[in-house]
Amino acid sequence: MIGKGHSISRTRESLAYGWNQEKDAEVVYKEFLAGDTPQEIAEEFKIIQSQNNRCINNTLSFVVSPTIKDGNNMSRKDLGEIAKRFLTEMNLKNHQAISFVHRDKKHTHIHIYVNRISMTGETYKDNFIGKRSQIAADNVAREMGLTRVREVQQDNLQELKQHRREVQNIHEKVLLSKPRSLGEYIKRMQEHRVRVIPSINKSNQLQGFRFEFRGINLKGSEINRSMSGSKIVLGISQNNSFTKLREAPKSLQLASNTIQLSTGFINKMMKDLVKQTIKRAMDTGIGF
């Protein structure tokens, strides 16, 4: 479960958004309030807020989002309990508050609006409120046995690890077929449903590649070091050469366009060439 929060000044407009019937809004929690419309609630907030006219952002706005799976299985009562416990964690029990659930999207989420001025006139301190909201939501999730942010992050990391491995395996398989041009490499990757997207700057210089697979878009270096732009271009250039390369290419063909390589890009390839030369010398025993 995720929590977000900040201070706002446009109370009535925010309440109207929360109560938006087009979003299938439903009131799940109310505290120290009697009104039945955004206008009435805003007026009740205003009465208490008149105790401190210097506070401009005098309403607190929170969004608490259970995971999609948790949210789909929660009743109105359950969602109201989340709002109640969240406000307790945030030490806001002595404040006017109203909470709505929105189910217009697959991700059920709760909007909570709280009067920043307490019933006894104190102004709630909103420093680090975003971080505090995250912690409060995590505590509520733990108390109620719901999925926590850390668990979601671990699942996402595991899924991403598997994704990177799949793309790397496809890349290595394509390189084994020794493509002789960048266009050929891109075409063969596409045959495996991997879209290769060259990153080209305004100076028409190649910066690297991004790889899109099953809806996830990552830089080559984020997948594996062997998939950095310089290593891919160097490997393809070596496939297209009858002798060992002694210097890095300065440009390459992509479709009908000639793309220049930046100085940094070329320098990285030169370093790789030097490493390859040293390795070959050590493997053959030269110098020993």
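1. Let's start with Arg-193, which is exposed in this predicted model. Its relative accessible area is 54%, and the cut-off for exposed is over 50%, so the label fits. You'll find Arg-193 in the loop that runs between helix H7 (182-191) and strand E6 (195-200). Leaving aside residues up to four places away in sequence, Arg-193 touches Glu-212, Phe-213 and Arg-214. Leu-206 is another story: Arg-193 and Leu-206 are 13 residues apart in sequence, yet 23 Å separates them in space, C-alpha to C-alpha.

2. Glu-122 is also worth a look. This residue is partly exposed, with a relative accessible area of 46%; partly exposed covers the range between under 20% and over 50%, so that is where 46% falls. Glu-122 is in a loop too, between strand E5 (109-115) and H5. Again not counting residues up to four places away in sequence, Glu-122 touches His-95, Arg-116 and Ile-117. From Glu-122 to Gly-18 there are 104 residues in sequence and 25 Å in space, C-alpha to C-alpha.

3. Now to the aromatic rings. The count comes to three aromatic pairs. In one of them, the rings of Trp-19 and Phe-100 have centres 5.1 Å apart and planes at 55°, so this pair is tilted. Distant parts of the chain are linked here: Trp-19 is in the loop between helix H1 (11-18) and strand E2 (26-31), whereas Phe-100 is in strand E4 (residues 97-102), 81 residues apart. Both Trp-19 and Phe-100 are buried. If you follow these rings a little further, you'll see that Trp-19, Phe-100 and Tyr-113 form one aromatic cluster.

4. Phe-62 and Phe-86 make an edge-to-face pair, with 5.1 Å centre to centre and 70° between the planes. This pair also links distant parts of the chain, as Phe-62 belongs to strand E3 (residues 59-65) and Phe-86 to helix H4, 24 residues apart. Are the two rings' residues buried or exposed? Phe-62 is buried, with a relative accessible area of 0%, and Phe-86 is buried as well, at 1%.

5. Phe-86 takes us on to the packing of H4. Helix H4 (residues 76-89) packs against helix H5 (residues 129-144) at an angle of about 130°, and the axes are 9 Å apart. That angle makes H4 oblique to H5. The crossing of H4 past H5 is right-handed. On the H4 side, the contact is made by Asp-78, Glu-81, Ile-82, Arg-85, Phe-86 and Glu-89. H5 brings Ser-133, Ala-136, Ala-137, Asn-139, Val-140, Glu-143 and Met-144. Sorted by type, the residues of this contact come to six nonpolar, two polar and five charged.

6. One last helix pair: H1 and helix H2 (residues 38-49). Their packing angle is about 140°, with the axes 9 Å apart, and the crossing of H1 and H2 is right-handed. Which residues of H1 and H2 make the contact? H1 supplies Thr-11, Arg-12, Leu-15 and Ala-16, while H2 supplies Pro-38, Gln-39, Ile-41, Ala-42, Glu-43, Phe-45 and Gln-49. The contact of H1 with H2 divides into six nonpolar, three polar and two charged residues.

How values were computed: Residues numbered from 1 in each chain as written. Predicted model: local features only at pLDDT ≥ 70, side-chain atom pairs only at ≥ 80, totals over all residues. Heavy atoms only, no water. Axes fitted to C-alpha atoms, helices over the stretch in contact; angles between N-to-C directions. Helix = DSSP H or I, 4+ residues; strand = E, 2+ residues; numbered from the N terminus. Parallel < 35°, antiparallel > 145°, perpendicular 65-115°, else oblique. Left-handed = near helix turned anticlockwise from the far one by under 90°. Contact = heavy atoms within 4.5 Å. Nonpolar A, V, L, I, M, F, W, Y, C, P; charged D, E, K, R; others polar. Buried < 20%, exposed > 50% of the residue type's maximum accessible area, 1.4 Å probe, protein only. Phe/Tyr/Trp six-rings, centres within 6.5 Å; stacked < 30°, edge-to-face > 60°.
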